[in-house]
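Good morning. Please have the sequence and the model open in front of you while I talk.

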Amino acid sequence: MGLTELFGAVFNLDHVGRYIHWGFIQLSVSNAIVIGLMIAIFIAALFLPFPGRRSRREGK
Amino acid sequence: MAKKAFNPDIDAPEYKGKYSPYDIIKEGTIAVVVVALLTVVLAVLFSSPDEKAVTIKSWSNATPMDFAATAMTELDGSSGTATYGPPYNNAATGQQVGPLTLAKWMGINVNVNTANDFVVAPLSTLADQPALTSALTTFASASSSRRANWEANYSKGLSSGSFSNGVLQVAAANAGPLPEMLGALTAMARSGALDQALVTQKGFYTTDYTKPLLFMADGSFLANKAQVQHLSGDQWGMMNETGSYPGQAWLWLYTMWYQVPPFSTSWGANADALVWAFMMLLTLLLALTPWIPGLRSIPRKVKVYRLIWREHYKNM
């Protein structure tokens, strides 16, 4: 196995990306995915219960 | 003395409820471990951008006529760098915000004389080329009006010239020593020697790539590559990365102003300074939020905090 195979990425992203054009907005698909993930994590942080809350309550 | 009225934006009532234990060391350790694991896994899956560096050698080999035409603009002082102003020279006022000439105030701290730094000085490092040495002597001893005449004639020839058999083919009458100089500079660039000459002007060990970058930025090769990769200023380039990698998404607001009028139209020439000033103003507004009536009430009125601490407010 050569070094390239050993250290190469599983997914090769070194090719020109795809872009979303919406009016004057230009957004790469990869940036859109990252922004979507950030929003999803923010919403999850708002609605998911704090870990350990149940055990604390049960311990009261 | 009259008691001060309670202001829900500034004053906080004394908390008289229960307290819960919170282990910040445990939370912090979990966060560091999760981020470290994510970093390793994402690096294995996606690696990082590995775009081959653009050099003057690659530029002049790919598009020798664009290189020669750009070198000509460096020599006659009409290139983007030569006419930019501070911090490179005093050819223009530079970036300004209204009457505030910010770039001029900072001064010329990266002095670039494009004719000498990009053309004459690199050529003078080439040894054992008597024809070139003679051409450089002729150029140096000519009057500025004579040089301008040669430059105008050679520029005219370059626009219809070509490159074949490793040599510039330019039909330019009365161009003085310029065919010899530009021909030698193109050959020097194609060999890779010009890259080295431009980064070693300050000493043997250097990581200062300002001059080769400015030279390349004046041509169209680098700009075309940036355009393909969506890295130009008018393509939200500040938040993009080469290839299909995600970029600096958090710079969306900064780069957005470059896309909208008047920053993209009538203010375009000073957009760098104006966008910076506007962002500083917005940052100041954010920093002063607690003292700005109306703006400081938004978190209280939006009530996201009641969602986060819903268990607490349920029991109140």
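I will go through the two chains, the domains, some backbone details and then three helix pairs.

First, the ground rules. This is a predicted model, so local features need pLDDT of at least 70 and side-chain atom pairs count only at pLDDT 80 or more, while totals for chains, interfaces and linings use all residues. Residues are numbered from 1 along each chain as its sequence is written, and chains are lettered from A, with ligands numbered from 1, in the order in which they are written.

Start with where the chains meet. How many residues of chain A are in contact with chain B? There are 20 from chain A, against 24 from chain B. Two residues are in contact if their C-beta atoms, placed from the backbone, lie within 7 Å. On the chain A side, β2 (25–28) and α2 (29–47) each supply at least two residues. The largest share, 6 residues, comes from α2(A). A word on these labels: helices (H or I, at least four residues) and strands (E, at least two) are DSSP runs, numbered from the N terminus. By class, the side of chain A that touches chain B has 11 nonpolar, 7 polar and 2 charged residues. Here Ala, Val, Leu, Ile, Met, Phe, Trp, Tyr, Cys and Pro count as nonpolar, Asp, Glu, Lys and Arg as charged, and the others, Gly among them, as polar.

Now chain B. It is divided into domain 1 (56–219) and domain 2 (226–282), with bounds from an automatic or database domain assignment. The centres of the two domains of chain B, taken over C-alpha atoms, are 29 Å apart. Their contact takes 4 residues from domain 1 and 5 residues from domain 2. The domain 1 side of that contact has 2 nonpolar, 2 polar and no charged residues.

Next, the backbone. Which peptide bonds are cis? One joins Pro86(B) and Pro87(B), with omega about 10°. Pro87(B) sits in the loop between α3 (64–76) and α4 (102–106) of chain B. Another runs from Pro261(B) to Pro262(B), with omega near 0°. Pro262(B) belongs to the loop between α12 (252–256) and α13 (271–287) of chain B.

Two residues other than glycine have a positive phi, and I will take them in turn. Ser47(B) has phi near 55° and lies in the loop between α1 (24–46) and α2 (56–62) of chain B. Asn165(B) also has phi near 55°, and its place is the loop between β1 (162–164) and β2 (167–169) of chain B. Are they buried or exposed? Ser47(B) is partly exposed, because 17 other C-beta atoms lie within 10 Å. Asn165(B) is exposed, because 5 other C-beta atoms lie within 10 Å. The cut-offs are these: buried means 20 or more other C-beta atoms within 10 Å of the residue's own, exposed means 12 or fewer, and partly exposed is in between, with C-beta atoms placed from the backbone.

Last, helix packing. Two packed helices are described by the angle between their axes and the distance between the axes. Axes are lines fitted to C-alpha atoms, for helices over the stretch in contact, and angles run from 0 to 180 degrees between N-to-C directions.

The first pair is α3(B) with α7 (144–159) of chain B: the angle is about 165° and the axes are 10 Å apart. That makes the two roughly antiparallel. Angles under 35 degrees count as roughly parallel, over 145 as roughly antiparallel, 65 to 115 as roughly perpendicular and the rest as oblique. Among the residues in this contact are Met72(B) of α3(B) and Tyr154(B) of α7(B). The contact divides into 6 nonpolar, 1 polar and 2 charged residues.

The second pair is α6 (130–141) and α8 (178–191) of chain B, at about 125° with axes 9 Å apart. They are therefore oblique to each other. The contact residues include Phe139(B) of α6(B) and Met181(B) of α8(B). By class there are 7 nonpolar, no polar and 1 charged.

The third pair is α3(B) and α8(B), whose axes come within 10 Å and cross at roughly 125°. These two helices are therefore oblique as well. Phe67(B) and Met72(B) are among the α3(B) residues that meet α8(B), where Leu185(B) and Arg190(B) are among the partners. This contact has 8 nonpolar, 1 polar and 1 charged residues.

That is the end of my part.
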